[in-house]
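Hi there,

Here is the structure I promised to pass on to you. Have a look at it first, then read on for what turned up in it.

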Amino acid sequence: MHPTTRGRVLISGASIAGPALAYWLHRYGYDTVIVERAPELRTGGQNVDVRGAGREVSRRMGIEDDIRAATTGEVGTRFVGPRGRTVAEFPAGTSDSGGATAELEVLRGDLARLLVDRTTDTTEYRYGDRITGIAQDHAGATVSFEHAPDERFALVVAADGIGSSTRRLVFGDEPEIRSLGLETTYGTIPRTAADDDWWRWYNAPGGRSITLRPDAHGTIRAAMSIVTDRKHERAGSERRDLDAQRRRLHTLFADAGWEARRVLEGFDRSDDLYSESIGQVRAPRWSDGRVALVGDAAYCASPVSGMGTSLSLTGAYVLAGELAAHVDHRDALRGYERIMRPYVAQAQQLPPGTPRVANPKSRLGIAAFGVAVRIGSTPLVGRLGDRFFTPPADAIDLPDYAHLEVGPNGTLGA
């Protein structure tokens, strides 16, 4: 803790955006507290990309090499047929932004662990609790918790994901949680001698897909997805009973072919199984008085965008920097939105037909998709394929806030 402090900030959510925000706020002289409803750090989750501006932020944090050391080893993306034959392949990107597989591909849980480890000495972490009420006034906010007594903070930041309960306390149903019409179930299964380090993608009729991805722990991260009727679903994590979800997957994928039986059997034993209806958060504003939103709670672009982690890292960096750069928090929050809005808008602008175009319903559609990715993987039109798989990760001019950092004696750095 610095001898002088700009104020106490409460952050809800200990995944990626929350710890990243705490890191930067400490650099600028704030005291930070993170409350996480899970009883301990959640280290599960699938692959995430660190691209473009998000990668530049990781450099400024001094963690780029740590992320590289924790990468999954994924060498690229292969689309495969029912017998596992390769239909088309796209090697991993070699730039800050390119490719369906980013150069820095890491498990969400491993990145979260890295960020928490970087902040555990400077941020107070409170697990097993959650925010249940926020009462604001001109000087700050009084926060109520499920277990802890009420407490005062200068600012409260919701960084607790697409279904943020903290966001709902202040913004209600104002943000639109827009479904993309795809339900995905994720889990970890054993690796076999037949597995390799490619991200393998298989399509089955009925808008179904199965993917297998390597990780850095000697296991395989599997996912089963199915196109749904977006009119009758709400995006976000599904709270189904896990046994009921396993039975549902057996019904939906029993005849899917390829590695379906193996994945279903693996999911029957997986202890990190979870499902979500893929969607985006479209919020008309990211702040209300002394409460702000960051990461997926503010502008989830969905896993299919390839931009969620980069948005979280970049948004945390900009929010902290703007708070440090302004005397009045209202000016800071306006600056945060002004800088981040165009970047978020481009990240949420998915290629036409996404995600349905990659999950065809008919055998004819699957065949046509196979032809398209095969053509897209050829050198002649490879640039077009790379453009399809490369999100706008560099589309922001990152401010430099280094002059605002607090030195070891508690004063602002030069």
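The chain has 12 helices and 19 strands. Keep in mind as you turn it around that this is a predicted model. Of the 414 residues in the chain, 57% are buried. The accessible surface is about 17,800 Å², and carbon and sulfur atoms hold 51% of that.

How does the chain make contact with itself? Among its contacts with a separation of 6 or more, 74% are between residues 24 or more positions apart in the sequence.

Next, the inside. The largest nonpolar core contains 81 residues. Within this core, the residues with the most contacts are L10, I11, Y28, V157, W286, Y299 and M340. Which element gives this core its largest share? That is helix 9, with 9 residues. M340 is a good residue to click on: leaving aside residues up to four places away in sequence, M340 touches W286, Y299, L311, T314, G315, V318 and I396. There is also a second, separate core of 19 residues, and I189, A204, I226 and L264 are among its members.

Helix 9 is worth a second look for its packing with helix 1. Helix 1 covers residues 17-27 and helix 9 covers residues 308-325. Their axes lie 8 Å apart, at an angle of about 30°, and the crossing of helix 1 with helix 9 is right-handed. From helix 1, the residues that take part are A17, A20, L21, W24 and L25. They meet S312, L313, A316, Y317, L319, A320 and L323 from helix 9. What kinds of residues make up this contact? There are 11 nonpolar residues and 1 polar residue, with no charged ones.

Now find helix 2, residues 52-61. Why can we call helix 2 largely enclosed by the rest of the structure? Because 7 of its 10 residues are buried. You can pick them out as G52, A53, G54, R55, V57, S58 and M61. Around them you will see helix 1, helix 3 (64-69), helix 4 (108-119), helix 9 and helix 10 (329-348), which the buried residues of helix 2 pack against. Just after helix 2 comes G62, with a positive phi of about 80°.

Finally, a few spots in the backbone that you might like to visit:

- W258 sits in the loop between helix 6 (242-253) and helix 7 (260-269). W258 is not a glycine, yet its phi is positive, at about 50°. Is W258 buried or exposed? Its relative accessible area is 19%, and the cut-off for buried is under 20%, so W258 counts as buried.
- S302 is found in the loop between helix 8 (296-299) and helix 9. S302 also has a positive phi, about 90°, although it is not a glycine. With a relative accessible area of 3%, S302 is buried.
- P355 belongs to the loop between helix 10 and helix 11 (363-376). The peptide bond leading from T354 to P355 is cis, and its omega is near 5°.

If you want a place to start, try M340 and its contacts with W286 and Y299, among others. After that, follow helix 9 to where its residues meet those of helix 1.

Enjoy exploring, and write back with any questions!

Best wishes

Notes
Residues numbered from 1 in each chain as written. Predicted model: local features only at pLDDT ≥ 70, side-chain atom pairs only at ≥ 80, totals over all residues. Heavy atoms only, no water. Axes fitted to C-alpha atoms, helices over the stretch in contact; angles between N-to-C directions. Helix = DSSP H or I, 4+ residues; strand = E, 2+ residues; numbered from the N terminus. Left-handed = near helix turned anticlockwise from the far one by under 90°. Contact = heavy atoms within 4.5 Å. Nonpolar A, V, L, I, M, F, W, Y, C, P; charged D, E, K, R; others polar. Buried < 20%, exposed > 50% of the residue type's maximum accessible area, 1.4 Å probe, protein only. Areas by Shrake-Rupley, 256 points an atom, 1.4 Å probe, with all protein chains shown as cover. Core = buried A, V, L, I, M, F, W, Y, C linked by side-chain atoms within 4.5 Å.
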